[in-house]
Amino acid sequence: MFTALHLAIIAPFIAAVFVPLLYKKIPSIHTGWFVLFVPAILFIYFLQHIPTTSQEGAVTAAFPWVPSLGINFRAYVDGLGLLFALLITGIGALVVLYSIYYLSKKRESLHTFYTFLLMFMGAMLGVVLSDNMIVLYLFWEITSVSSFLLISYWYEREKSLYGALKSMLITVLGGFSMLVGFVLLYSITGTFSIQETIASSSEIVSHDLFLPAMLTILLGAFTKSAQFPFHIWLPDAMEAPTPVSAYLHSATMVKAGIYLVARLTPVFAVSGEWLWLVAGFGITTLFWGSFSAVRQTDLKGILAYSTVSQLGMILSMLGVGAAAFHFQEIDNNLFVGATTAALFHLFNHATFKGSLFMMVGIVDHETGTRDIRNLGGLMTIMPITFTIAAIGSFSMAGLPPFNGFLSKELFFTSMVNITEFQQFNMETFGILFPVVAWIASVFTFIYSMILVFKTFAGPLQKEKLDTKPHEAPFGMLLAPIVLVSLVIVIGFFPNVLSYTIIAPAMASILPSLLQEGQQFEVDIYFWHDWNTELFMTMGVVAAGILLYLGMKKWKGVYKLFPEKLSFNNLYDQTLNKGEVLSQKVMASHMNGFIRNYLVYIFAFVAAALLITMFYKGAFVIDTSGMAPITIYESVLVVVLVASVGVMMFTTSRLTLIIGLGVAGYTVALFFVIFRAPDLALTQLIIETVSVALFLLCFYHLPQIAKNLEPLRFKAGNFIISAAVGITVTLIGISAGSSRMFESISGFFKEYSYKEAGGRNMVNVILVDFRGFDTMLEILVLGIAAAGIFTMIRLRLAGRDEL
Amino acid sequence: MKSNDVILQTVANIVLFIILMFSVFLFFNGHHEPGGGFIGGLMTSSALVLLLLAYDLETVKRILPVDFKLVTAAGLLVAVGTGMGSFFFGAPFLSQTYDYFHFPVLGELELATALIFDVGVYLVVVGITLTIIQTIGEDR
């Protein structure tokens with residue numbers, strides 16, 4: 001049944017249809033105002049589901065799409081889906097609001113922008129609320145396509161196109177891989193439903209295809225969520241308009257991979273490979289992202305790498321949270337906390353990163369540059385923007401009293417706890433996790449400080465700015481203000497979310513741990529006692545301040561990594577080399593000479609047939625059915641061979657044509673002595689006509705020389721022609737020697753007069769028994785005549801070259 | 001230089017009819033002896049080719065003002081038509097039948113529907129041969 005829930009998921013698509021109409025018909029009002037209603041209403045609609053999901057319930061509605069293939073559009077709203085749906089619609093509404101002030105009504109083609117944005121929103125809702133994997137995949141690819149369109153929104157800029165192509169290639173690569181994974185899962189369980197797959201997770205773990213399915217799906221999740229080393233598309237995607245970067249590349253699309261990992265945790269998380277892969281790639285990405293962010297000079301570049309790093313952090317927590325599956329209950333289960341932390345940070349990141357992107361957009365909009373080398377001293381000119389930047393960045397750096405501090409503490413807790421896990425070598429190598437996490441947090445602190453102080457503190461460099469800077473209009477500030485207010489509110493009252501959003505989402509990720517009527521305890525608070533995590537945070541701040549102040553001294557570290565060894569370079573080289581290589585491969589065999597293609601065809605035919613014959617042992621000789629050889633036959637064979645020999649070695653074209661005629665007449669004589677008068681008659685006349693036509697060509701076509709080049713011996717040609725000749729001869733002998741059943745010619749002998757009233761069996765077969773063949777053969781003749789006529793008569797000027 | 005082809009032309013005038021008769025013989029004889037539409041058609045065309053050799057294209061066109069493309073089309077139509085004809089008698093496509101009839105002068109003769117089909121083949125063969133030869137011959 002098609003329900004209101006389905007309608008809610010595809011509502012953005014429906015709305016997208018009307019956007020161009022509104023843009024054209026009502027040009028006086030900014031199209032964004034109409035669009036704003038869609039996410040706002042959807043947000044309110046999804047809020048209504050909170051009571052259901054917080055009771056561990058789920059809202060489901062199935063709509064059959066391709067039932068015969070097990071593909072149903074089954075909407076499934078549980079805690080995890082709802083968390084994402086609220087993020088998508090909530091931040092979606094704020095981004096639309098922001099974009100109304102950001103994009104000019106006069107200069108930009110708003111209809112395309114909002115159409116793509118709504119497409120993306122609908123696709124994202126579909127990804128997080130679909131229970132069917134194929135439907136999920138469908139929406140997943142729509143997010144890739146609409147993201148491609150949004151990144152290349154300013155399509156006249158070369159960099160936008162480059163970034164769009166790069167993100168497309170990488171995310172679609174992952175998407176295909178994910179599809180393979182889904183199909184593998186289907187072949188294990190026989191269902192595309194995620195919930196049913198989770199229910200049968202115990203049989204999946206022991207299956208041979210478990211590991212391939214897991215790896216292919218993880219590749220999809222990692223590429224989408226910009227994990228190391230697939231993170232390279234995200235910084236280039238910053239060529240998109242800032243609202244797009246804020247929405248797609250911080251809050252929603254890049255979290256699709258995280259959603260997938262979280263959603264399939266109950267299926268895969270029991271294995272050690274999952275824990276190591278997800279946590280390992282996450283922590284590597286965390287470090288590499290934060291380390292690379294420090295060297296950026298473009299504000300959006302910093303935020304892009306920062307997003308990469310924070311996504312890695314969330315993913316590492318999800319990976320560590322998988323350890324919880326190895327304990328039966330939730331009491332005293334240290335590792336459940338990691339999942340809590342992951343979800344909490346997921347939410348927090350969306351709030352502060354969204355606001356930071358909007359802040360950068362404002363700075364860009366009001367000063368004309370995003371380069372931190374040109375910026376500075378904006379604190380007094382743009383006080384509200386500065387406040388937004390400070391709150392967002394301090395939260396990102398993990399400072400109290402903002403929500404980032406709380407999630408970072410939880411993150412450290414889970415990283416410290418994992419070292420106590422006694423399986424999968426965690427007890428030996430596990431120590432790497434807290435160490436790398438701490439170092440990465442130091443870098444996070446540094447780039448957060450760069451973001452605030454390089455932009456807003458220091459001297460104002462007026463001469464480097466295109467426009468005179470001033471505070472942004474209030475409408476533009478509204479959306480980031482809402483987001484930073486959330487940062488503060490969640491910071492002070494984190495438990496607002498605990499049982500409404502986070503606990504139900506945890507129940508979706510760790511379903512097997514919950515007994516009947518049980519609930520996860522989520523209690524987030526500031527003061528943890530003087531424990532390791534607090535000391536780690538203090539260490540981060542201390543080391544971060546020191547390194548930030550002394551940055552000039554150690555910035556040379558980045559020069560140790562030459563540009564040639566970067567992943568971007570690898571990507572570019574792969575594309576370039578791939579193109580060059582494929583061109584070379586094509587040019588090497590597709591060179592336009594028919595003789596080369598004939599060599600391929602003949603060599604392939606001979607090789608395929610000979611190998612088949614050899615492997616099947618198909619060669620047989622049986623001389624029992626052979627007729628005795630007469631003197632006439634021997635003479636004719638000698639004549640035939642002689643004429644062929646003359647044709648092969650002559651250099652005169654005339655001799656060649658005559659030789660061909662001799663061969664043809666000899667064949668006619670063969671027909672005579674093998675008692676085929678009709679064939680002999682036809683062969684004689686046809687041979688005469690064709691020799692006459694050859695002579696005609698020979699005399700009238702001026703570009704043909706009278707004499708041939710003398711035949712040069714070419715070993716390759718010799719081998720191939722010999723192979724073809726031998727193959728055909730062997731097949732002929734074998735076929736003649738192995739008659740499997742009697743010929744049907746007895747029927748024709750018996751019935752040609754009785755049934756068809758004719759004594760000439762050949763003719764009766766041609767016109768009566770198998771008249772259909774003859775009918776089509778005369779059609780062939782007619783077409784040939786029409787072809788010759790058109791080729792000669794209808795030569796239009798200039799056609800000759802074609 | 002205009003050469004005098006009087007021997008060739010005189011011989012051709014006589015031989016033409018012998019060849020044409022032979023081709024008609026081959027055509028009608030096809031059901032019981034070697035021959036048939038294909039060979040008959042080729043033989044007729046070769047008679048006309050002899051005419052082309054002895055005279056020239058314009059003369060032959062004046063003697064035989066026929067568009068041989070239409071002959072080809074007509075032949076195809078006849079061949080397909082005999083196939084369609086069997087539908088009128090509720091038989092499958094291209095069903096053939098025959099029977100013996102008594103004619104006043106000729107006596108008892110066998111008439112087969114396959115002969116009509118063979119007429120189609122004959123016409124197509126004549127049509128295409130002469131179309132090709134005329135087309136190539138005119139192309140200077």
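**Helix α21, a buried asparagine, and the contact between chains A and B**

At 1.5 Å a residue, the 19 residues of helix α21 of chain A (residues 474–492) should span 27 Å, and the end C-alpha atoms of this helix lie 26 Å apart, which agrees. The model examined here is a predicted one. Although the span agrees with expectation, α21(A) has a kink of about 25°, and this kink is centred on Pro480(A).

Pro480(A) is also one of the buried residues of α21(A). Beside Pro480(A), the buried set takes in Gly475(A), Met476(A), Leu477(A) and Ala479(A), and it continues with Leu483(A), Val484(A), Val487(A), Ile490(A) and Gly491(A). Several helices of chain A help to cover these residues, including α4 (79–102), α16 (336–367), α17 (383–397), α18 (403–418) and α22 (495–509).

One of these covering helices, α16, deserves a closer look through a single residue. Asn348(A) sits in helix α16 of chain A. Its relative accessible area is 0%, below the 20% cut-off, so Asn348(A) counts as buried. The side chain of Asn348(A) is in polar contact with two others: with that of Asn403(A) at 3.1 Å, and with that of Ser407(A) at 3.3 Å. When neighbours within four places in sequence are left aside, the contacts of Asn348(A) are Asn403(A), Ser407(A) and Ile490(A). Ile490(A) brings the account back to α21(A), where it is among the buried residues.

Charged pairs offer a second view of the model. Side chains of opposite charge can pair when their charged atoms come close. Over all chains, the count comes to eight salt bridges. In one of them, Asp364(A) pairs with Arg370(A), with 3.6 Å between the closest N and O atoms; both of these residues are buried. The pair also belongs to a network of salt bridges that links Asp298(A), Asp364(A) and Arg370(A).

A further salt bridge joins the side chains of Arg373(A) and Asp371(A), at 2.9 Å from N to O. Here the two partners fall into separate classes of accessibility. Arg373(A) has a relative accessible area of 51%, which is over 50%, and therefore counts as exposed. Asp371(A), at 18%, is under the 20% limit and so counts as buried. In chain B, the side chains of Lys69(B) and Asp67(B) meet in a salt bridge of 3.2 Å, N to O. Lys69(B) is partly exposed because its relative accessibility is 34%, between the two limits. Asp67(B) is likewise partly exposed, with a relative accessible area of 35%.

The remaining topic is the meeting of the two chains. The contact draws 36 residues from chain A and 38 residues from chain B. The size of an interface is often given as the accessible area lost when the parts come together. Between chain B and chain A the buried area is about 3300 Å², with carbon and sulfur atoms giving 72% of it. No salt bridges are counted between the two chains, whereas 11 residue pairs are found in polar contact across the interface. On the side of chain B that touches chain A, the elements giving two or more residues are α2 (37–54), α4 (68–85), β1 (98–103) and α5 (114–138). Of the elements on this side, α5(B) gives the most, with 13 residues.

Definitions and conventions. Residues are numbered from 1 along each chain as its sequence is written. Chains are lettered from A and ligands numbered from 1 in the order in which they are written. This is a predicted model: local features need pLDDT of at least 70, side-chain atom pairs count only at pLDDT 80 or more; totals for chains, interfaces and linings use all residues. Side-chain values use heavy atoms; hydrogens and water are left out. Helices (H or I, at least four residues) and strands (E, at least two) are DSSP runs, numbered from the N terminus. The expected span of a helix is 1.5 Å times one less than its number of residues. The bend at a residue is the angle between axes fitted to the seven residues ending there and the seven starting there. Buried means under 20% relative accessible area, exposed over 50%, partly exposed in between (1.4 Å probe, protein chains only). Contact means heavy atoms within 4.5 Å. Buried area is the accessible area (1.4 Å probe) that two parts lose on being put together, summed over both. A salt bridge is a side-chain nitrogen of Lys or Arg within 4 Å of a carboxyl oxygen of Asp or Glu. A polar contact is a pair of N or O atoms within 3.5 Å; within protein, one must be able to donate a hydrogen and the other to accept it, and residues adjacent in sequence count only if both atoms are side-chain atoms.
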